Amino acid sequence: MALQGPIPVTFAQVFPHGCYVVGEVEAVKDFDASTNGRFVQSRDKSTGELVWQVAVMDADPTVKPGQKTVAVKILAPLQPVPPAPMPGLPFTPVEFDHVTATPYVNGAGRLAYSIKVREMRAPRTGPVASAPAPAKHTSTAGKDVA
């Protein structure tokens, strides 16, 4: 099969209406390597880079309330810093570059996606090249991240 591992996608395919940072950037724990009292940060299996995580709110008005907040994993050697807050907005808009999606079946037996990125930045201003709209799935776990 030609598709193996993470599937490259665009930011616009995953978050066509944008997204907002709603949590802190945190190191992801490697549960296998960590021991009682000793934290070991997770590394990406493919690249060996450190894995960080940030909670974002999907701005898509059609997403169910329970699925609006998703975790995005960031592969980076140092802890990424979110963009500066924008005056007058309760949440900070953010965009990601070098996005991949890895489908998996979650604990409830539904299709979900692990979203990994390489860069986090402030949204670009001006016209953005539009991507084709993502296919609508009947899965209720559209962007669930493990």
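Q: Where does Val-28 lie?
A: Val-28 sits in the loop between strand S3 (26–27) and S4. Strands (E, at least two residues) and helices (H or I, at least four residues) are DSSP runs, numbered from the N terminus. The model is predicted: local features need pLDDT of at least 70, side-chain atom pairs count only at pLDDT 80 or more, and totals for chains, interfaces and linings use all residues. Residues are numbered from 1 along each chain as its sequence is written, while side-chain values use heavy atoms and leave out hydrogens and water.

Q: Why is Val-28 called buried?
A: Buried means under 20% relative accessible area, exposed means over 50%, and partly exposed is in between (1.4 Å probe, protein chains only). Val-28 has 14%, so it counts as buried.

Q: What is Val-28 in contact with, leaving aside its neighbours within four places in sequence?
A: Contact means heavy atoms within 4.5 Å. By that test Val-28 meets Phe-39, Val-40, Gln-41, Ser-42, Val-51, Trp-52 and Gln-53. The C-alpha atoms of Val-28 and Ile-74 are separated by 9.6 Å, with their positions 46 residues apart along the chain.

Q: How do you know that S3 and S4 pair, and in which sense?
A: Two strands pair if DSSP finds at least two bridges between them. S3 and S4 have two bridges and run antiparallel. Ala-27 stands opposite Trp-52 in S4.

Q: What makes S4 and S5 a pair?
A: Seven bridges join S4 to S5, in the antiparallel sense. Val-51 has Leu-75 of S5 as its bridge partner. Val-56 has Val-70 of S5. S4 also pairs with S2, antiparallel, over three bridges. There, Cys-19 is partnered by Asp-58 of S4.

Q: In which sense do S5 and S8 run?
A: They run parallel, joined by two bridges. Ile-74 stands opposite Val-117 in S8.

Q: Why is S5 called largely enclosed by the rest of the structure?
A: Six of its seven residues are buried, so S5 is largely enclosed.

Q: What makes the largest nonpolar core a core, and how many residues has it?
A: A nonpolar core is a set of buried Ala, Val, Leu, Ile, Met, Phe, Trp, Tyr and Cys residues joined through side-chain atoms within 4.5 Å. The largest one here has 22 residues. Those with the most contacts inside it are Phe-15, Val-54, Val-56, Val-72, Ile-74, Phe-96 and Ile-115. Helix H1 (11–14) gives two or more residues to this core, as do strands S2 (19–21), S4 (51–58), S5 (69–75), S6 (92–97), S7 (99–105) and S8 (111–117).

Q: Why does Thr-100 count as buried?
A: Its relative accessibility is 19%, so Thr-100 counts as buried. Thr-100 lies in strand S7. Not counting residues up to four places away in sequence, Thr-100 touches Pro-6, Ile-7, Pro-8, Val-9, Ser-114, Ile-115 and Lys-116.

Q: What makes a set of grid points a pocket?
A: On a 1 Å grid over the protein atoms alone, a pocket is an open set with protein on both sides within 12 Å along at least five of seven lines, whereas a cavity is a set where a 1.4 Å probe fits but cannot get out. Lining residues have an atom within 4 Å of a point.

Q: Which residues are closest to the centre of the second largest pocket?
A: They are Arg-43, Asp-44, Lys-45, Val-51 and Lys-116, out of 22 that line this pocket. S5 and S8 are the elements that give two or more residues to the lining. S8 gives the most, with three.
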